[in-house]
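Please open the structure in your viewer and keep the sequence panel beside it, since this tour moves from one selection to the next. At each stop you will be told what to select and then what can be found there.

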Amino acid sequence: MSQRHQPSACPSCEEPLESGDLFCGACGYDLSAVPPLPEDRPTVVMGSPVGGAAWPADPAGPGREQPFGDRPSGPPATGAPGTAGPASTAGAAAVRFDARAAEAGAGDFELPAPDPAARPAPAPGTAGEPWGPGTPVPPPAARPAPHAHVPEPQAGTGTPAAPAAPVEPPPAPVQPPAPVEPPGAGGVPDPRAVEHTATPPAGTRLCVACRAGHVDRDGYCENCGHAQPRERDHMEEELGAVAAVSDRGLRHHRNEDAFAVSSTALPDGSPAVVAIVCDGVSSATRPDEASAAAAAAANESLLAALPRGTHPQTAMHDAIVAASEAVNALAGDGDDGDAMEHDPHHHRNAPACTLVGAVVAGGLLVVGWVGDSRAYWVPDDRSGPPARLTEDDSWAAQMVAAGLMNEAEAYADERAHAITGWLGADAYELEPHTAAFKPDRPGVVVVCTDGLWNYAEGATDMARVVPPDAARRPLHSAQVLVGHALDGGGHDNVTVAVLPFAVVPAGAGSA
């Protein structure tokens, strides 16, 4: 039973009403005279009819909407009078049909009548064929090309002419993707290879970060300011009987250490092996250039003197002198020379470095040094005691030598690493130190800067971190020692050379 419409306010005086009121309590208006709302019989149009076709109502009951896109459950609707065949299903899914609206006959709910002229011709042989179980659905008729002329049907066929209205063309067939040729095939240049086509002037370095700016002499990009990786940040070299590794460390912005390893032959044909390690003085100008110049000069001097038969200890002394001259020459080169002419005190900041070297030749082990870089002896069997072969030119060493402090107290002082001897134009006096040894057992010589021995200062400490197979694998041993310094903090540049010493059992002694 339908409910009577109950307004919420009086239509006459707009006085609020309560449920069940038959008259307005303010003006006495007869609420039964309020017309009821029209019955809701919506017809939802989902889109414009295509060809005037629509799904018919489900015969299961009036007013039941056929689901959108479902297959009709009954016979298809026939066309307009004079037309043969069912209504085309093309575009039928665009309309939802409400049978209640058709039964009510309300004009404002009626759908537009199908246009017979807009109905495409049915496929031949399918006119009037009902849909039923097992009956195949007739295929849709082929669409003519847009604006194409459709020929008139022949007389007597009973088939009306299809309209000449424009119809959307069928989608273009999907073409398989063309095979992709590798870059550079068919004469097409690889874009990765021509990304930077501008050729910089000869000798110009491009920034590895922006690939556009030039790198200045300090190693920074003039465009983006990015610090460039330097070749000397990590260096390794191995010969048959010696190896060396140098690393920038974890705190310094550049590597100011340098090394040189080489081998030659004595006049009697026996081998002579050389290892030179230098440490640039950070408080001086261009310390990296000073260490490189010193290492190269000392190595060249030894390679020239040893084949001539010069005693290895004398050759080492002369090599240190040659290294000192090479570093002194840097003080008058470039900006430093101009500054020294105008500032007499500028020479105190001239390029400077330390040096330690070792030569194994003729059954002798010769070491030479200036500064606080060191050389250690570590026997292979570790049954014999290791030894430190050099004495530092430093404040701590002077305090110990003078008997003013013991070694522990001296090296605990903040002035301990202040050097008292170095190579450079402002050195007080050049005093090359040399010593020759004749070990009675095989072992290795560890030649290093303070970037390593700060983490293994005593001879026993150094022997503990040297691998047992150091004589057979010098490069691996040098890598292990550098790693030990980096693991300890890497506060300084680290450079180490490992030089094996093999002997024929004979006497032992020191020269």
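The stops below go through strands, helices, aromatic pairs and one arginine in a loop, all in a predicted model.

**Stop 1: strand β5**

Begin by selecting residues 352-361, which make up strand β5, and colour them by burial: 10 of its 10 residues are buried. Turning the strand about its axis shows that both of its faces are covered, with A352, T354, V356, A358 and V360 on one side and C353, L355, G357, V359 and A361 on the other.

Now add the neighbours of this strand. Strand β4, residues 271-280, pairs with β5 in the antiparallel sense over 9 bridges, and a convenient marker of that pairing is V273, whose bridge partner in β5 is V360. Strand β9, residues 423-424, also pairs with β5 in the antiparallel sense, here over 2 bridges, and C353 has L423 of β9 as its bridge partner.

**Stop 2: the hairpin to β6**

Extend the selection to residues 364-370, strand β6, which pairs with β5 in the antiparallel sense over 7 bridges. Two positions are worth labelling along this pairing: V359 stands opposite V366, and A358 stands opposite V367. The two strands form a hairpin with 2 residues between them, and G362 in the turn has a positive phi of about 60 degrees.

Is β6 enclosed or open to the outside? Since 7 of its 7 residues are buried, β6 is largely enclosed by the rest of the structure. L364, V366, G368 and V370 point one way from the strand, while L365, V367 and W369 point the other way, and all are buried. From β6, move on to strand β10, residues 433-438, which runs antiparallel to β6 and is joined to it by 5 bridges; W369 stands opposite H433 there.

**Stop 3: helices α2 and α3**

Next select residues 287-305, helix α2, whose 19 residues reach 27 Å from the first C-alpha to the last, close to the 27 Å expected at 1.5 Å a residue. Its buried residues include P287, D288, A290, S291, A294 and A295, and the buried residues of this helix pack against β3 (257-265), β4, α3, β5 and β9.

Then select α3, residues 312-331, a helix of 20 residues that should span 28 Å at 1.5 Å a residue; its end C-alpha atoms are 30 Å apart, which agrees. In α3 the buried residues include A315, M316, A319, I320 and A323.

**Stop 4: the open sheet**

Hide the helices and show the 6 strands that form an open sheet in the order β1-β2-β12-β11-β7-β8, with antiparallel pairing. The edge strands are β1 and β8 (387-388), each of which pairs on one side only. Within this sheet, β7 and strand β11 (residues 443-448) run antiparallel and are joined by 6 bridges, and P379 stands opposite G443 in β11.

**Stop 5: aromatic rings**

The structure holds 3 aromatic pairs. To see one of them, show the side chains of W377 and F501, whose ring centres are 6.0 Å apart and whose planes stand at 80 degrees, so the pair is edge-to-face. Because W377 lies in β7 (residues 374-379) and F501 in β12 (residues 494-501), this pair ties together parts that are 124 residues apart in sequence. Both W377 and F501 are buried.

Another pair is W422 with Y428, with ring centres 5.6 Å apart and planes at 65 degrees, so this pair is edge-to-face as well. Which of its members is exposed? Y428 is exposed, with a relative accessible area of 74%, whereas W422 counts as buried at 13% relative accessibility.

While side chains are shown, select R374 and W453 too: the charged end of R374 sits over the ring of W453, 3.4 Å from its centre.

**Stop 6: R230**

Finish in the loop between α1 (99-104) and β1 (234-238), where R230 lies. R230 is partly exposed, with a relative accessible area of 25%. Setting aside residues up to four places away in sequence, R230 touches D218, G219, Y220, H253 and R254. The side chain of R230 reaches the backbone oxygen of H253 at 3.3 Å, and the C-alpha atoms of R230 and R254, 24 residues apart in sequence, are 7.7 Å apart in space.

Definitions and conventions
Residues are numbered from 1 along each chain as its sequence is written. This is a predicted model: local features need pLDDT of at least 70, side-chain atom pairs count only at pLDDT 80 or more; totals for chains, interfaces and linings use all residues. Side-chain values use heavy atoms; hydrogens and water are left out. Helices (H or I, at least four residues) and strands (E, at least two) are DSSP runs, numbered from the N terminus. Buried means under 20% relative accessible area, exposed over 50%, partly exposed in between (1.4 Å probe, protein chains only). Contact means heavy atoms within 4.5 Å. A polar contact is a pair of N or O atoms within 3.5 Å; within protein, one must be able to donate a hydrogen and the other to accept it, and residues adjacent in sequence count only if both atoms are side-chain atoms. The expected span of a helix is 1.5 Å times one less than its number of residues. Rings of Phe, Tyr and Trp (its six-membered ring) pair if their centres lie within 6.5 Å; planes under 30 degrees apart count as stacked, over 60 as edge-to-face and the rest as tilted. A charge sits over a ring if NZ of Lys or CZ of Arg is within 6 Å of the ring centre and within 35 degrees of the ring normal. Two strands pair if DSSP finds at least two bridges between them.
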